[in-house]
Amino acid sequence: MSRKIQSTPRKPRLAIAGATGRVGSALTGLLAPDPVDIVVLTRRPDAAQLPASISIAAIDFDQPHSLQEALRGADRLFVSHGTSPQQVANEIALIDAAVAAGVRHIVKLSALGPASRLNPFAWHMQIEAHLAQQPVASTVLRPSAYVDILKRSAGQIAAGSWAGAAGEGRVNFIDTRDIADVARVALLEEFSPESQRAYHLTGPRAWTMLQVAEQLSSLLGHPVIYNHRSTEEQRAALLADGLPPLVADLLVGLDQMFRESALGETTSTVEALTGKSPRTLPQWLAENIEIFRNSTPQRAGAALVARKAPEPLVPNP
């Protein structure tokens, strides 16, 4: 599996769709020193804060020609879209525009998990199926659960307990920085025109919520308890916190995946591709422990609904 940039008469031009997301922003920073030209595709070019060496192209999903124009001259495309009901239509529009513009390799950020009716996993399945039928080389990145989803419970954890419907299921959390490291490799590695790859990305081991609580208790110096709820109880609690029904359903679905250990597998892919072991859950918790020490409980819906742009609530950048 090569890690070298394919030889071309000019520097490869990489288009990044999703540069403001957690993975996309880290990826853009990693690529900046590489011998490539970078163009960031964004719906809000005035809000983008990027190095002067990176180009910005405005796109409008209501005007498909803007997508193809933004992708003109690009060799490779990274596709990531915030979790939303528009995700399937928007990512498919980007893929189709890339094919029409002559992009030779598309890297899609997807999600690890079984075939499912649950969103956003089902959304990713639809997008992957469409990408697989296109006459373009493709790489699909399927990360497990993002470890920073724990931040949404920081206020409750600081108070000594949080709750969910994950039961005793095992979850292999992954650091978004490791996903970005792999995305960089995927965008720069050599490929054939017929290449279709899929990488399953996880941390080094799986954890139950009770084990996560034990880690937090040790770092915070006081007991932290994870309280089990039924699916119905968890959904009702999320709605009572002010979350829209769609977001509540997404989070309850994620807890279902956790409870069934559907995101519990361990792969060696991160280390094989990057040469570095993936970051551990205890390492991430130690780096971010002040978030859990100083947060105050708040209505869960407030911060999520206030976001101006879609952000992934589940495994998706």
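Helices (H or I, at least four residues) and strands (E, at least two) are DSSP runs, numbered from the N terminus. With that vocabulary in hand, let us tour a predicted model, one close-up at a time.

**Figure 1. The whole chain comes to 13 helices and 9 strands.** Before zooming in, take a moment with the overall picture. The chain has 317 residues, and 51% of them count as buried. About 13700 Å² of the chain is exposed, with carbon and sulfur atoms supplying 50% of that area. Among contacts with a separation of 6 or more, 79% are between residues 24 or more positions apart.

**Figure 2. Seven strands form an open sheet with parallel pairing.** Reading across the sheet, the order is E3-E2-E1-E4-E5-E6-E8. Which strands sit at the edges? They are E3 (55-58) and E8 (196-201), and each of them pairs on one side only. On average, neighbouring strands of this sheet are turned by 20° against each other, direction ignored. For one example of pairing, look at E5 (residues 105-109) and E6 (residues 137-143): they run parallel and are joined by 5 bridges. Within this pair, Lys-108 has Val-140 in E6 as its bridge partner.

**Figure 3. Helices H1 and H2 lie across strands of the sheet.** Helix H1 (residues 22-31) lies across E1 (13-17), E2 (37-42), E4 (76-79) and E5. Its direction is at about 160° to E1. Helix H2 (residues 64-71) lies across E1, E2, E3 and E4, and runs at about 160° to E3.

**Figure 4. Strands E7 and E9 run parallel.** Here 4 bridges join E7 to E9 (residues 225-228). One place to look is Ala-163, which stands opposite Asn-227 in E9. In a regular strand, side chains alternate between the two faces of the sheet. You can follow such an alternation along E7: Trp-162 and Gly-164 point to one face and are buried, while Ser-161 and Ala-163 point to the other and are not.

**Figure 5. Asn-172 is buried in a loop.** The loop in question runs between E7 (161-164) and H6 (176-188). Why does Asn-172 count as buried? Its relative accessible area is 0%, and buried means under 20%. The side chain of Asn-172 reaches the backbone oxygen of Glu-265 at 3.1 Å. That side chain also makes a polar contact with the side chain of Thr-266, at 2.9 Å. Leaving aside residues up to four places away in sequence, the residues that Asn-172 touches include Ser-144, Ala-145, Thr-202, Gly-203, Pro-204 and Arg-205.

**Figure 6. Helix H6 is largely enclosed by the rest of the structure.** H6 has 13 residues and reaches 19 Å from its first C-alpha to its last, close to the 18 Å expected at 1.5 Å a residue. Why is H6 described as largely enclosed? Because 11 of its 13 residues are buried. Among them are Thr-176, Asp-178, Ile-179, Val-182 and Leu-188.

**Figure 7. Leu-187 is a buried residue of helix H6.** Its relative accessibility is 0%, so Leu-187 counts as buried. Not counting residues up to four places away in sequence, Leu-187 touches Leu-14, Ile-16, Leu-27, Leu-31, Arg-76, Leu-77, Phe-78 and Val-107. Now compare sequence with space: Leu-187 and Ile-106 are 81 residues apart in sequence and 8.1 Å apart in space, C-alpha to C-alpha.

**Figure 8. Leu-239 in helix H8 is partly exposed.** H8 covers residues 231-240. Leu-239 has a relative accessible area of 33%. Apart from residues up to four places away in sequence, Leu-239 touches Pro-244, Pro-245 and Ala-248. From C-alpha to C-alpha, Leu-239 and Asp-249 are 9.5 Å apart in space, and they are 10 residues apart in sequence.

**Figure 9. Two loops show backbone details worth a look.** In the loop between E5 and helix H4 (121-132) you will find Pro-120. A cis peptide bond joins Asn-119 and Pro-120, with omega at about 10°. The other loop, between H9 (245-259) and H10 (269-274), holds Ser-261. Phi of Ser-261 is near 55°, a positive value in a residue other than glycine. Is Ser-261 buried or partly exposed? At 24% relative accessibility, Ser-261 counts as partly exposed.

Terms used
Residues numbered from 1 in each chain as written. Predicted model: local features only at pLDDT ≥ 70, side-chain atom pairs only at ≥ 80, totals over all residues. Heavy atoms only, no water. Buried < 20%, exposed > 50% of the residue type's maximum accessible area, 1.4 Å probe, protein only. Polar contact = N/O pair within 3.5 Å; in protein donor to acceptor, adjacent residues only side chain to side chain. Contact = heavy atoms within 4.5 Å. Pairing = 2+ DSSP bridges. Axes fitted to C-alpha atoms, helices over the stretch in contact; angles between N-to-C directions. Areas by Shrake-Rupley, 256 points an atom, 1.4 Å probe, with all protein chains shown as cover. Expected span 1.5 Å × (residues − 1).
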